[in-house]
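I am opening my notebook on a structure that is new to me. Let me look around and jot down what I find.

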Amino acid sequence: MTPHTVDKTPVTLLGLGAMGTALARTWLAAGHPTTVWNRTPARAEALAAEGARRADSPAAAVAANTLVVVCLLDDVSVGEVLAGTDLAGKDVVNLTTSTPAQARDRAAWAGERGARYLDGGIMAVPPMIGVPETGGYVLYSGPLDVFDDHRDTLAVPTGATYVGEDPGFAALHDVALLSAMYGMHAGSTHAFALLRREAVDPVDFAPLLAGWLTAMAQSVHQTAAQLRDGDYTEGVVSNLAMQVAGTPTFLDTARRQGVSPELLTPYFELMRRRLTEGKADEGLTGLVDLLLR
């Protein structure tokens, strides 16, 4: 052991896809003794050359260290890989993408086997790992004392954000944030389609689009405050009646541009439904309640 690795928490990492490999490299570079395992052993060769210890089996990898990080394909894979391991006394941090229900079930499953459990949602892509200025982070949920025990180690690859004791909260936040991302992409897709047949350079349009989306993103704070306080008219400057009245312009423009309105019409339908409920003075916050079953 060199002075560089003294007092650095040892880490076991199960799963060496693009994300797992990126995570392992950051821990190795920071001086954390790192044990790795992957179904395809060849994927561990490059990391071994960088100082990682290769384990021959998941059981050996788990036995090597207290902190066990799992980054696999799905929840089924997690169950398969950990099935023959001794988890007693281990701290399992599961960074595998899952649903909130799967995360809660996996936490209970780990607890029955004597392990402490944190679930994680990675809000980054592999090139962002180890590069703080990119703004990536991992959401963590589960017992706060477990997170506190490993906070410094978990923050090495990218930011570590704790979102609550409920083990399902990291997955819930993950899916919620990604759902908003896809909604943004849907709007951007429609916007570019409107311009596609025109003499408009999409590269010239992109800064306008990015700036507009950035400005409009601030409205989430008002939505959040209205949801918390229950007054959906507070601070509204463009009420629902006015916005619904404007929707035919968007649909007619799409038709004339030869663009399908299918990315817009479901949202416009929700707006009309809320308006028929007599909520003309609200903004768009009430649409949240329409989605609840």
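What span should the twelve residues of H1 have, and how far apart are its end C-alpha atoms? I kept in mind that this is a predicted model. At 1.5 Å a residue, I expected 16 Å for H1, and its end C-alpha atoms turn out to be 17 Å apart, so the two agree.

Next entry: the surroundings of H1. Is H1 mostly covered or mostly open? I found it mostly covered, with nine of its twelve residues buried. The buried ones are Met19, Gly20, Thr21, Ala22, Leu23, Ala24, Thr26, Trp27 and Leu28. I then looked up what covers them, and my list includes the strands E1 (11-14), E2 (34-37), E4 (67-70) and E6 (116-123). Helices H2 (45-49) and H6 (144-154) also take part in that cover.

I also checked what follows the helix. Just after H1, Gly31 has a positive phi of about 90 degrees.

Last entry: empty space inside. How many cavities of 30 Å³ or more does a search of the whole structure find? My search of the whole structure gave one. The largest cavity holds about 30 Å³ of space. Which residues line it? I noted Leu23, Trp27, Leu95, Val138, Tyr140, Leu154, Pro157 and Thr158. Leu23 and Trp27 had already come up among the buried residues of H1. Helix H1 (18-29) and strand E7 (137-141) each give at least two residues to this lining. By type, I counted seven nonpolar residues, one polar and no charged in the lining.

Notes:
Residues numbered from 1 in each chain as written. Predicted model: local features only at pLDDT ≥ 70, side-chain atom pairs only at ≥ 80, totals over all residues. Heavy atoms only, no water. 1 Å grid on protein atoms, 1.4 Å probe; cavity = no way out; pocket = protein on both sides within 12 Å on 5 of 7 lines; lining within 4 Å. Points joined across faces, edges and corners; volume = space filled by probe spheres on them. Helix = DSSP H or I, 4+ residues; strand = E, 2+ residues; numbered from the N terminus. Nonpolar A, V, L, I, M, F, W, Y, C, P; charged D, E, K, R; others polar. Expected span 1.5 Å × (residues − 1). Buried < 20%, exposed > 50% of the residue type's maximum accessible area, 1.4 Å probe, protein only. Contact = heavy atoms within 4.5 Å.
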